[in-house]
Amino acid sequence: MSDTPCYMIANFRVHDADTYRKYEKGFFPILKRHGGTFFTYDDKHETLEGKSPREGRIVIFMFPSEENARAWWADPEYQAISEHRRAGTEMEFLTLIHGLPPRDK
């Protein structure tokens with residue numbers, strides 16, 4: 001397994017908070033099971049330059065490798081709870097970003 005981290009950035013609008021909360025309750029245990037780390041979210045982000053993502057929530061989390069990230073995404077339990085996210089939000093994007101590989105000293 002690669003030791004290059006991968007980051008996930010999501011942008012979405014929550015339009016049904018009760019349904020979205022069902023997703024949130026199941027999200028964190030599955031994230032942890034795949035080695036993921038939650039960094040932050042922001043409902044009032046600010047773009048300082050360039051084209052802004054649309055209004056809504058920005059979420060950032062990471063995995064120790066692309067393999068972990070893809071295993072999380074493909075996890076049947078995650079896909080089952082993600083139906084609550086799909087029903088409770090309007091997703092703009094969920095983007096996987098590859099981290100830099102370790103540097104040789």
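## One turn along helix α1

Y23 and F27 sit four residues apart in helix α1, so about one helical turn separates them. Let's start from this pair and work outwards through the model, which is a predicted one.

Helix α1 covers residues 17-33, and Y20 and Y23 both belong to it, three residues apart, again about one turn of the helix. The two rings of Y20 and Y23 make a tilted aromatic pair, with 5.6 Å centre to centre and 35 degrees between the planes. Y23 also pairs with F27 in a tilted arrangement, at 5.6 Å centre to centre and 45 degrees between the planes. As for accessibility, Y20 and Y23 are both buried, and F27 is buried as well.

## The wider aromatic cluster

How many aromatic pairs are there? The count comes to 15 aromatic pairs. Y20, Y23 and F27 belong to one aromatic cluster, whose members also include F12, F28, F38, F61, F63, W72, W73 and Y78.

Y23 has a charged neighbour too: the charged end of R85 sits over the Y23 ring, 5.7 Å from the ring centre.

## The length and bend of α1

Does the length of α1 fall in line with its residue count, or out of line? The 17 residues of α1, at 1.5 Å a residue, should span 24 Å, and the end C-alpha atoms are 25 Å apart, which agrees.

Along the way, α1 has a kink of about 30 degrees at F27, shortly before the proline P29. Just after the helix, G35 adopts a positive phi of about 80 degrees.

## What α1 packs against

Which residues of α1 are buried? They are T19, Y20, Y23, G26, F27, I30 and L31. These buried residues pack against the strands β1, β2 (37-42), β3 and β4, and against the helices α2 (66-74) and α3 (76-88).

## Strand β1 and its two partners

Among the strands that α1 packs against is β1, and β1 has pairings to look at on its own account. Strand β1 (residues 6-14) pairs with strand β3 (residues 57-63) in the antiparallel sense, over seven bridges. With strand β4 (residues 89-98), β1 pairs in the antiparallel sense over nine bridges.

M8 is a handy residue for following both pairings. In β3, M8 stands opposite F61, and F61 is itself a member of the aromatic cluster. In β4, the bridge partner of M8 is L96.

Terms used: Residues numbered from 1 in each chain as written. Predicted model: local features only at pLDDT ≥ 70, side-chain atom pairs only at ≥ 80, totals over all residues. Heavy atoms only, no water. Phe/Tyr/Trp six-rings, centres within 6.5 Å; stacked < 30°, edge-to-face > 60°. Helix = DSSP H or I, 4+ residues; strand = E, 2+ residues; numbered from the N terminus. Buried < 20%, exposed > 50% of the residue type's maximum accessible area, 1.4 Å probe, protein only. Lys NZ or Arg CZ within 6 Å of the ring centre and 35° of its normal. Pairing = 2+ DSSP bridges. Expected span 1.5 Å × (residues − 1). Bend = angle between axes of the 7 residues up to and from the residue. Contact = heavy atoms within 4.5 Å.
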